[in-house]
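Welcome to this short tour. Take a moment to look over the sequence and the fold, and then we will walk through a few helices and charged pairs together.

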Amino acid sequence: MRVLLIGAGGYLGRFVADRLLADPAVQLTALGRGDDADVRFDLATGSPGALTRFLDAVHPGVVINCAGTTRGGARELTRHNTVAVATVCEALRRSGCGARLVQIGCGAEYGPSQPGSSTAEDAVPRPGGPYGVSKLAATELVLGSGLDAVVLRVFSPAGPGTPAGSPLGRLAEAMRRAMQSGDGDLKLGGLAAQRDFVDVRDVARAVHAASLSAAQGVINIGSGRAVRLRDAASVLARVAGYGGALHELDGPPGGHLRPTIGHPRTDPDQPAPVTYPYPDGCGGWQQADVRTARDRLGWRPRISLEESLADIWMEAACRI
């Protein structure tokens, strides 16, 4: 099976590439903006015609799109998350390869949900921020393309490679700094949010399964269990061996405060900013209904949050 992987150098893409390379039946070609890609191509600026010519030359059976961005203003998010997907869809429509498309979506497309509820694929998406809007627009382009396509709505990925700027990455970095300085009190803001964490290696398994299946439409990929960030912080402290006290700083969300977690102490008299760690427009609660992934992909999450956090900590502890 010839697979074209777009965005192999990104957080999710690296693990998807590893999973596909472990399958001897897969012939993998990586396309992206980085130097490590087999073919360099920028979906946000490249033309569908150029991509079509490449597809006709390689003739993949599956195209997996892991490319995109979580940062930037509305214009940048639209270019890299929406326009880029429009380019992929148009190129596949023009091409004679007939490839199946596996698009990586995001749980932020759903927006806020009721505490205690599980969000299924038939929920009406109401994204609460520009990132979710840009990803939802991409999903709608894929679903309306007429292609053989599936969109995997990934909730909150965790595990090795977690970006240092993400909420869990910031949490690990704050704990590393506290342990390095011998600080027995770690003050953290924004721990009330509850999110559905799924290990990035489990996400890669889901992408592999989707590429082999005939499933179409939208499929949620998550653990099926919401975890409060303060509980994740306690687990991280245990796996890190941090014996200090965790102090939660509460306060209203929004305002002018930066979306960060933890506060490196530069001035002991300067109070830590009280912030909320998930500027994704999803409010305080998000939990996926993952029955469709089980029924249509034969997929279940295997890796526990504790193992994911242990891997995040291992990388943070080794950071100089």
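## Helix α3 and its surroundings

A good place to begin is the list of residues that α3 tucks away: L77, H80, N81, T82, A84, V85, T87, V88, C89, A91 and L92 are buried. Please keep in mind that this is a predicted model. The cover over these buried residues of α3 includes the strands β1 (2-6), β4 (62-65) and β5 (100-106), together with the helices α2 (48-58) and α4 (130-143).

How far apart are the end C-alpha atoms of α3? Helix α3 runs through residues 74-94, and its 21 residues should span 30 Å at 1.5 Å a residue; the end C-alpha atoms are 29 Å apart, which agrees. Along the way, α3 bends by about 25 degrees at H80, and H80 is also among the buried residues of this helix.

## Charged residues in α3

Side chains of opposite charge can pair when their charged atoms come close. In α3, E90 and R93 make such a salt bridge, with their closest N and O atoms 2.6 Å apart. E90 and R93 are 3 residues apart in helix α3, so about one helical turn separates them.

Are these two buried or exposed? E90 has a relative accessible area of 23%, so it is partly exposed. R93 is partly exposed as well, with a value of 43%. The pair also belongs to something wider: E90, R93 and R94 are linked in a network of salt bridges.

## Helix α7

Now move along the chain to helix α7, which covers residues 229-240. Its 12 residues reach 16 Å from the first C-alpha to the last, close to the 16 Å expected at 1.5 Å a residue. Just after α7 comes G241, which takes a positive phi of about 75 degrees.

Which residues of α7 are buried? They are L229, A232, A233, V235, L236, A237 and A240. Among the elements that cover them are the helices α5 (167-181) and α9 (305-317). The strands β8 (185-189), β9 (194-199), β11 (226-228) and β12 (245-249) also take part in this cover.

## A link from α7 to β12

Helix α7 has a charged connection too: R230 forms a salt bridge with E248, and the closest N and O atoms are 2.6 Å apart. This pair links distant parts of the chain, with R230 in helix α7 and E248 in strand β12, 18 residues apart.

Both partners are partly exposed: E248 has a relative accessible area of 26%, and R230 has a relative accessibility of 28%.

## Another salt bridge, and a buried arginine

How many salt bridges does a search of the whole structure find? The search finds 15. One further example joins the side chains of R294 and D295, at 2.9 Å from N to O. D295 counts as exposed because its relative accessibility is 55%, and the cut-off for exposed is over 50%. R294, at 34%, counts as partly exposed.

Our last stop is R205, in helix α6 (residues 200-212). Why does R205 count as buried? Its relative accessible area is 11%, and buried means under 20%, so R205 falls in that class. Leaving aside residues up to four places away in sequence, R205 touches R19, W299, R300, P301 and R302.

Terms used: Residues are numbered from 1 along each chain as its sequence is written. This is a predicted model: local features need pLDDT of at least 70, side-chain atom pairs count only at pLDDT 80 or more; totals for chains, interfaces and linings use all residues. Side-chain values use heavy atoms; hydrogens and water are left out. Helices (H or I, at least four residues) and strands (E, at least two) are DSSP runs, numbered from the N terminus. The expected span of a helix is 1.5 Å times one less than its number of residues. The bend at a residue is the angle between axes fitted to the seven residues ending there and the seven starting there. Buried means under 20% relative accessible area, exposed over 50%, partly exposed in between (1.4 Å probe, protein chains only). Contact means heavy atoms within 4.5 Å. A salt bridge is a side-chain nitrogen of Lys or Arg within 4 Å of a carboxyl oxygen of Asp or Glu.
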